[in-house]
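Here are some short exercises on helix packing, a salt bridge and a surface patch. Try each task before you read its solution.

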Amino acid sequence: MSAGPVTGGSGEEDHPGPEDGEEHLVRPLPEPVRARVVEYGSDVLGGMRPSDLPPVLRRVARFEPRRRARLAGPQIAAQLETDPGFRGLVAARVEQVWPELAEGMRSGVVPPAADPVTVAACAYLLRPRGWAEVIENVHLELDRRYSAKEVDEAAEALESVRRELEEARRGHQTDLERQRTTIVEQRTEIAELRRKVHHERQRAKNATAEAEQALVEFRERRGETEGRINGLEVENRRLRSRLADAEAQVENSRRAVRAGRNADEARLRVLLDVLVDASHGLRRELALPTGLDSPADLVAEAHEEQRRVSLGGLPDDDPGLLDRLLTVPRVHLLVDGYNVTKTGYGNLPLADQRNRLLTSLEGLASRTKAEITCVFDGADVDTPPLTPSRRVRLLFSAPGETADEVIVRLVRAEPPGRPIAVVTSDKEIVQAVREVGARAVPSLIFLRRLD
């Protein structure tokens, strides 16, 4: 790198360009030397007066040294190359830091133990006689070190590759032995499989022969069976013909019997008609009434028409109400199905509610021998199920009709004097059945009795 005309650090004095005898670098500074020179220049910038700062470096002078070196490294290097004044300030700072090294270089003696990068940086800044040669020697030394480092790294890489190759060789040998063992095992397994295949083929061949023999026997037996079936069909037709003849004879006999019976019945009917006409004539002659009733019978009949058997005596919330009602002879127990199930276990599906209630009613009917009728609304049932038991009568309301109406109709259909109890908590049903003489039982009392 050659030096051209430079401007002083203050910018007020011009320096002449290099003379023909001035030393020049053969090639650019080594990168470590350039970085060290930039570092020295960055340190010096922080202590310079603003008026002495080179114009291009004034912007970065207030930064910290490392930041100045990172952001303005090329500008500092160029200023050191072209500005002898700025380079002189940096050289003076180097002389303060490395006085022995600077003195030795001026006298032509370089300490052998000195750092080559430091020596080259001082030579570049101080520029004693032979400084270009010193930098070139340092350049060669750094190249030699870099080459030696590359050689060492290459040797280490080669050794690492050799180790990996050896490990791969050992792994390959292990894999090869394992593969050989596997091949031997697979050959043994293949031989065993071949033996089994041969055995299975033989078995399949024998099974095929047996199947063919069984097919031949089946065909022979089928022929025999078909012959027997034909014979049986002929015998069946003969027997049917004989049966038809026997049925015809029986029918002829029945006709003859019916003819004789009809003649006897006709004679008997004529005789009865004569007797009936004679009795009617006698009744008309005597002017007798058509029926005979005692006065007591007439009073009892009128009394029964006006009252039913009384089921009162206990309040509706009495736990013993249902037990007392079930002891009444020929009592009819009507159950409002959904009113009871939704009071006791309304969280179940409707089908499960019905099944549970009917099971309980069946047990109650078997214990008390009472007549029990359970009525459900039929709106949610497409096809009402059959009665699950002969002990309990199961009814579903028809379309357009409610279970309440069915219950009231059942109560009114009972003859006078029949004791009737209706299990429901529906106030409308309770009022309707009480008007016709039936007793209402709350659903909760009924559920407690079932439990």
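The exercises below concern a predicted model.

**Exercise 1.** Work out how helix H1 and helix H4 are oriented to each other, and which residues meet.

Solution.
- Locate the helices: H1 spans residues 31-45 and H4 spans residues 84-97.
- Take the geometry: they pack at an angle of about 95°, with axes 9 Å apart.
- Angles of 65 to 115 degrees count as roughly perpendicular, so H1 is roughly perpendicular to H4.
- From H1 come Tyr40, Gly41, Asp43, Val44 and Leu45; from H4 come Phe86, Leu89, Val90, Arg93 and Val94.
- Sort this contact by class: seven residues are nonpolar, one is polar and two are charged.

**Exercise 2.** Do the same for helix H11 and helix H14.

Solution.
- H11 covers residues 350-368, and H14 covers residues 443-450.
- Their packing angle is about 70°, and their axes lie 11 Å apart.
- H11 and H14 are therefore roughly perpendicular.
- H11 contributes Leu357, Ser360, Leu361, Leu364 and Arg367, while H14 contributes Phe446, Arg449 and Leu450.
- The classes are five nonpolar, one polar and two charged.

**Exercise 3.** How many salt bridges does the structure hold? Place the one between Arg195 and Glu192.

Solution.
- There are 13 salt bridges.
- In the bridge of Arg195 with Glu192, the closest N and O atoms are 2.3 Å apart.
- Arg195 and Glu192 are three residues apart in helix H7, so about one helical turn separates them.

**Exercise 4.** Which residues make the nonpolar surface patch of about 390 Å²?

Solution.
- The patch is made by Leu268, Leu271, Leu272 and Leu275.
- Leu275 lies in helix H7, residues 131-286.

Definitions and conventions: Residues numbered from 1 in each chain as written. Predicted model: local features only at pLDDT ≥ 70, side-chain atom pairs only at ≥ 80, totals over all residues. Heavy atoms only, no water. Axes fitted to C-alpha atoms, helices over the stretch in contact; angles between N-to-C directions. Helix = DSSP H or I, 4+ residues; strand = E, 2+ residues; numbered from the N terminus. Parallel < 35°, antiparallel > 145°, perpendicular 65-115°, else oblique. Contact = heavy atoms within 4.5 Å. Nonpolar A, V, L, I, M, F, W, Y, C, P; charged D, E, K, R; others polar. Patch = residues over 30% accessible without salt bridge, like charges linked within 9 Å, V, L, I, M, F, W, Y side chains within 5 Å. Areas by Shrake-Rupley, 256 points an atom, 1.4 Å probe, with all protein chains shown as cover. Salt bridge = Lys/Arg side-chain N within 4 Å of Asp/Glu carboxyl O.
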